[in-house]
Amino acid sequence: MNTTDTTQQALNRYNRLFDNGQYTTIAERFAADLRVSLDNVRVADAMNLVTDAALMLCAHPHYELAWLKLATFCGQNAVTIPTIDAIYTYLLIFQQVKDTRADDFERTAKALLKAYETTDTLRAAVSCANGVHGWRGRMAYELLSASDFLVQAAVQLLIHGNVSYIREKLQSGLRRITGALYEGIRESDTPAMFNFKATYFPDEQDRR
């Protein structure tokens with residue numbers, strides 16, 4: 001089957017399954033979450049992403065990663081859980097057997113939303129811990145900083161970000177964890193409790 005036939009079949013399936021009531025509800029929810037009017041261009045852009053994801057689930061050949069673009073938009077724009085749930089329910093109308101991309105959209109969007117919500121709080125904790133005196137305070141600061149870098153790496157993984165950037169954040173996180181352990185080894189009364197020198201990361205051969 002050529003691309004033209006596949007595209008037409010996808011469009012036919014989309015038009016047959018389209019639910020105007022659910023579609024309109026999602027648009028209204030977007031407007032509320034984005035704090036704009038229903039006819040605002042941001043709502044139109046968001047709804048285009050929803051349509052692209054629905055077409056993807058109908059096997060349209062031009063929208064392979066539409067679920068990811070929609071999930072990223074939702075996470076980065078603080079789209080609420082009820083709106084994500086409404087989108088997910090709508091996309092399930094179009095999802096075919098053995099296709100899990102609607103599920104991936106829902107879980108990715110919620111994970112990104114919570115990760116972004118966590119980031120501001122986590123960075124505030126890092127700033128506060130930076131002023132705590134003593135090795136416990138310094139160790140806590142290093143661990144909170146490590147958490148920030150690891151969350152950034154996780155977000156980039158979820159949005160299929162640049163691999164080099166992900167590696168950079170992971171390296172920064174590991175350096176912070178190492179710094180935290182150094183504080184415990186150097187300053188605590190039980191340095192052996194923080195000595196993980198025997199820990200190793202298994203390589204590919206060990207996993208077989």
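**Helices of a predicted model**

Guide: Just after H7, histidine 160 adopts a positive phi of about 60°. This is a predicted model, in which local features need pLDDT of at least 70, side-chain atom pairs count only at pLDDT 80 or more, and totals for chains, interfaces and linings use all residues. Residues are numbered from 1 along each chain as its sequence is written, and side-chain values use heavy atoms, with hydrogens and water left out.

Visitor: What makes H7 agree with its expected span?

Guide: The expected span of a helix is 1.5 Å times one less than its number of residues. For the 24 residues of H7 (residues 135-158) that gives 34 Å, and the end C-alpha atoms are 34 Å apart, so the two agree. Helices here are DSSP runs (H or I, at least four residues), as strands are (E, at least two), numbered from the N terminus. The protein has eight helices and zero strands.

Visitor: How do you know that the protein is more spread out than a compact globule?

Guide: The globule rule is 2.2 Å times the number of residues to the power 0.38, and the radius of gyration is taken over C-alpha atoms. For 208 residues the rule gives 17 Å; the radius of gyration is 23 Å, well over that, so the protein is more spread out than a compact globule.

Visitor: Why are H5 and H6 called roughly antiparallel?

Guide: Angles run from 0 to 180 degrees between N-to-C directions of axes fitted to C-alpha atoms over the stretch in contact. Under 35 degrees counts as roughly parallel, over 145 as roughly antiparallel, 65 to 115 as roughly perpendicular and the rest as oblique. H5 (residues 81-92) and H6 (residues 101-129) pack at about 170°, with axes 9 Å apart; they are therefore roughly antiparallel.
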